[in-house]
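Reader: I am new to this structure and would like a close look at one part of it, the largest nonpolar core. Could you take me through that part slowly, together with the spaces that share elements with it?

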Amino acid sequence: MSETRVATDGSPAEQEHGAEPLPDGTTPAPVSAEPESSRSDTTLVVVTGVSGGGRSTVARALENVGFYVVDNLPQALMLDMAELAFQAGGAARKTAMVLDVRSRAFSTDLAGAIRALKERGFQPRVVFVDADDEVLIRRFESVRRSHPLQGDGRLADGIAVERGLLEEARDQADVIIDTSHLNVNQLRSRVEELFGGEDARRLRVTVLSFGFKYGLPPDADFVLDARFLPNPYWVPELREHTGRDEDVSRYVLGQRGAVTFVETYARLINATAPGFEREGKRYLTVAVGCTGGKHRSVAISEELAARLRQARLAATAHHRDLGRE
């Protein structure tokens with residue numbers, strides 16, 4: 001007869017060699033062990049981007065939503081850090097690794113490091129933080145700091161060198177956040193929306209209004225032009241209001257073709273979303289432009305985001321140029 005081990009609480013424990021037969025002579029089926037968690041269950045976020053772009057703010061925002069954040073990690077140690085997070089489990093299963101140009105002494109092959117993580121079974125998400133050169137220069141000058149790569153040259157020289165080093169990293173990014181027109185609170189809110197919810201692994205759609213006179217959003221996947229609609233700017237009682245106001249929204253959406261425009265793009269995005277998810281894309285930016293980014297694009301963006309949410313997509317509306325006039 002096989003020996004039964006006794007647990008510390010005095011109850012029979014799992015047997016060393018097979019299970020005791022039941023009274024009817026049959027042998028019970030073995031209890032299957034809990035499935036081991038896979039590396040894909042570890043949520044890894046890799047944050048990189050230009051100096052002065054806002055990486056520190058992104059890191060703090062990720063901490064706010066429960067990530068364990070490792071700052072200034074050399075790229076050569078990314079795989080080791082991911083393995084440590086996987087083995088530790090618990091809170092470490094949500095880990096963010098922040099990289100900057102100071103890591104270049106160890107490795108400049110971010111694409112290779114990301115590929116190594118995927119080959120090991122991880123599914124990292126790369127966030128690239130960017131900003132216009134003029135904005136970066138103003139930020140460095142406001143804190144009286146030199147750029148880490150400018151050497152004896154100008155700030156613009158350091159920024160240009162860094163952009164060259166980060167070109168491939170930008171191409172590898174799952175989401176690009178342009179912070180040129182975002183304050184600290186807006187940037188933090190954007191990051192928390194992207195990574196704070198239970199559905200953080202789903203495709204998340206940002207509908208971004210903008211003004212063409214301020215330039216195209218560099219992170220746009222789709223660009224929609226709402227300038228075919230009459231401009232509320234020329235309606236005196238609407239001029240000082242924005243597309244968030246009910247009167248302006250009603251005016252814009254009441255124009256011929258406006259609702260069809262929104263419905264058409266809602267169907268397009270809803271139809272392509274499953275394909276983007278299958279291809280591993282998690283963040284989609286739909287940019288809606290008008291002249292100044294105050295009336296038409298704002299009203300259309302709000303309505304389009306609402307239609308996408310009705311279709312069970314995780315969609316939010318942001319307004320890049322609202323308040324600039």
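**The largest nonpolar core**

Author: The largest nonpolar core holds 28 residues, and those touching the most other members are Val205, Val207, Ile269, Val286, Ile300, Leu304 and Leu308. Such a core is a set of buried Ala, Val, Leu, Ile, Met, Phe, Trp, Tyr and Cys residues joined through side-chain atoms within 4.5 Å, where buried means under 20% relative accessible area with a 1.4 Å probe and protein chains only. The model is a predicted one, in which local features need pLDDT of at least 70 and side-chain atom pairs count only at pLDDT 80 or more, while totals for chains, interfaces and linings use all residues. Residues are numbered from 1 along each chain as its sequence is written, and side-chain values use heavy atoms, leaving out hydrogens and water.

At least two residues of this core come from each of strand 6 (204–211), helix 7 (246–253), helix 8 (258–278), strand 8 (283–290), helix 9 (296–310) and strand 9, the helices (H or I, at least four residues) and strands (E, at least two) being DSSP runs numbered from the N terminus. Helix 8 gives the largest share, 6 residues.

Val207 offers a view from inside: leaving aside neighbours within four places in sequence, Val207 is in contact (heavy atoms within 4.5 Å) with Val286, Val288, Ser301, Leu304, Ala305, Leu308, Thr316, Ala317 and His318. Apart from this core lies another, of 26 residues, including Leu99, Leu110, Ile114 and Ile159.

Val205, one of the core residues named above, also belongs to the lining of the second largest cavity, together with Arg190, Glu193, Leu194, Arg204, Thr206, Ala314, Ala315, Thr316 and His318. On a 1 Å grid over the protein atoms alone, a cavity is a set of points where a 1.4 Å probe fits but cannot get out, whereas a pocket is an open set with protein on both sides within 12 Å along at least five of seven lines, and lining residues have an atom within 4 Å of a point. This cavity encloses about 50 Å³ of space, and strand 9 supplies the largest share of its lining, 4 residues.

Helix 6, strand 6 and strand 9 (314–319) each give at least two residues to the lining of the second largest pocket. That pocket is lined by 19 residues, of which Leu182, Leu208, His318, His319 and Arg320 lie nearest its centre.

Key: Buried means under 20% relative accessible area, exposed over 50%, partly exposed in between (1.4 Å probe, protein chains only). Grid points are joined across faces, edges and corners, and a volume is the space filled by probe spheres set on the points.
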